[in-house]
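Got the viewer open? Load the model, switch to cartoon, and keep the selection box handy for this walk.

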Amino acid sequence: MSDLTFNKIAGAVLATGLAVVGLGQLSSGVFSKEPPAKPGYAVEVAADTSEGGAAAAETPPDWGTVLPKADVAAGEQVFAKCQSCHSLTANGTGPNLTGVEGRKPGTEAGFSYSPAMQAFGGKQPIWDYEHLFEYLKNPQAYVSGTKMTFVGLKKPEDRINVIAFLHTKGSSLPIPAPNPAAAAAAAPTTGPAGATKPAAAAAAAGQPTATGSTASTNATAPAGGPAGQGKGAPGGAPDKTTSTAGAAPK
C-alpha cells in the first residue's frame, strides 16, 4: 500500500471521528435533558403554619361523637386535594379509596404498594378511624418509606371531615357508640389567655359549675342628675356609701 493511499484512509477515519464528535456536541445542545418539574407522586401542599409554635399533642377524638356531627360536604372539598393521585373508582397514582375504611392496608387489588406499606399492612389488620386520622396528618412520618409524599392534613377537623366523607364511600366500619368520657378528654381544656376549662367539660368530670355571680354588690350607685354631676356636684343626689346588700327588710 502506497503512502498516498494510507494517508487517504487515515484522513477519512479522522474526518469521520470528528464528524461523530461534532454531531454529538451539536445534538446535546439542541436536545438538552431537563429533569421533570414535579415527581410523579409528589403533591405540593403548603404546610399549615397559621397557629405557629410547636404543635400540641392531640387527644384522639371520640368517633361516636364527632362522626355523626362531621361536615361531609366539607370533607368532600378537602378530598379534592387527594384527587391528583387518588380516585373513588379505580387505581391511579395512588390506590382506589372506595371502601378504604375497614380494608387491610396495602391490599387494594391491582395496585403496586411500597414495601413500607406492605409491612404496615402486615402489622395492622384494617384501616380504622384512628389509624387513618394519624396517617393523614403526616403520611411519611406515620409510615416511613411510603410512596405517598403528601404533606398531610394538619387540622384535626379536616381529617375528621375527610374520614366522614370516606365513610359514605363503601366503608365497612360501623360508627361506634358515643363515649362521653373520651369526648370530654378530647375537648379543649383551656381558652384564650389561660381561661379555665368550659363548663361542659367540668360537668363531664363531675365538678360543680357556677350558675350565677356570687360577688357582693357593695359598690356605690352612681348619683343622679345631669351628665357630669357626681359625688359632691352641686344639685347632685346625696352620696350613699352604706351597702344594703344582705340587709333585712325594715
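Start with a rule for helix angles: under 35 degrees counts as roughly parallel, over 145 as roughly antiparallel, 65 to 115 as roughly perpendicular, and the rest as oblique. The axes themselves are lines fitted to C-alpha atoms, for helices over the stretch in contact, with angles running from 0 to 180 degrees between N-to-C directions. The model is predicted, so local features need pLDDT of at least 70 and side-chain atom pairs count only at pLDDT 80 or more, while totals for chains, interfaces and linings use all residues. Residues are numbered from 1 along each chain as its sequence is written, and side-chain values use heavy atoms, leaving out hydrogens and water.

**The whole chain**

Colour by secondary structure. The protein chain has nine helices and zero strands, where helices (H or I, at least four residues) and strands (E, at least two) are DSSP runs numbered from the N terminus. Now colour by accessibility: of the 250 residues, 24% count as buried, meaning under 20% relative accessible area, with exposed being over 50% and partly exposed in between (1.4 Å probe, protein chains only). If you draw contacts (heavy atoms within 4.5 Å), look at those with a separation of 6 or more: 55% of them join residues 24 or more positions apart.

**Stop one: α3 on α7**

Select residues 72-79, which are helix α3, and then 156-167, which are α7. The two axes come within 7 Å and cross at roughly 100 degrees, so α3 and α7 are roughly perpendicular to each other. Show side chains at the junction: V72, A74, G75, E76, V78 and F79 on the α3 side meet D158, N161, V162, A164, F165 and L166 on the α7 side.

Stay on α7 and pick D158. What is the nearest side chain of opposite charge to D158? That is K81, 4.9 Å away; D158 is buried yet has no salt bridge. For the bookkeeping, Lys and Arg count as positive and Asp and Glu as negative, with His and the chain ends not counted, and a salt bridge needs a side-chain nitrogen of Lys or Arg within 4 Å of a carboxyl oxygen of Asp or Glu. Setting aside neighbours within four places in sequence, D158 touches V78 and L153.

Move along α7 to N161. N161 counts as buried because its relative accessibility is 12%. With neighbours within four places in sequence left out, N161 is in contact with A70, D71, A74 and G75.

**Stop two: α5 on α7**

Keep α7 displayed and add residues 129-137, helix α5. Here the axes come within 10 Å and cross at roughly 130 degrees, which makes α5 oblique to α7. From α5, the contact involves Y129, L132, F133, L136 and K137; from α7, it involves P156, R159, I160, V162, I163 and H167.

Which residues of α5 are buried? Highlight Y129, H131, L132, F133, Y135 and L136. They pack against α2 (63-69), α4 (115-123), α6 (139-142) and α7.

**Stop three: α2 and α8, far apart in sequence**

Select V66 in α2. At 21% relative accessibility, V66 counts as partly exposed. Beyond its neighbours within four places in sequence, V66 contacts P61 and I160. Draw a C-alpha to C-alpha distance from V66 to A183: the two are 117 residues apart along the chain and separated by 8.4 Å.

Next click P61, in the loop between α1 (3-30) and α2. P61 is buried, with a relative accessible area of 12%. Then jump to A182 in helix α8 (residues 180-186), which is partly exposed at 24%. P61 and A182 are 121 residues apart in sequence, with their C-alpha atoms 7.2 Å apart. Add D62 as well: its C-alpha lies 5.6 Å from that of A182, across 120 residues of chain.

**Last stop: the salt bridge**

Side chains of opposite charge can pair when their charged atoms come close. How many salt bridges does a search of the whole structure find? One. Select E108 and R103 to see the pair, whose closest N and O atoms are 2.7 Å apart. Both E108 and R103 are buried.
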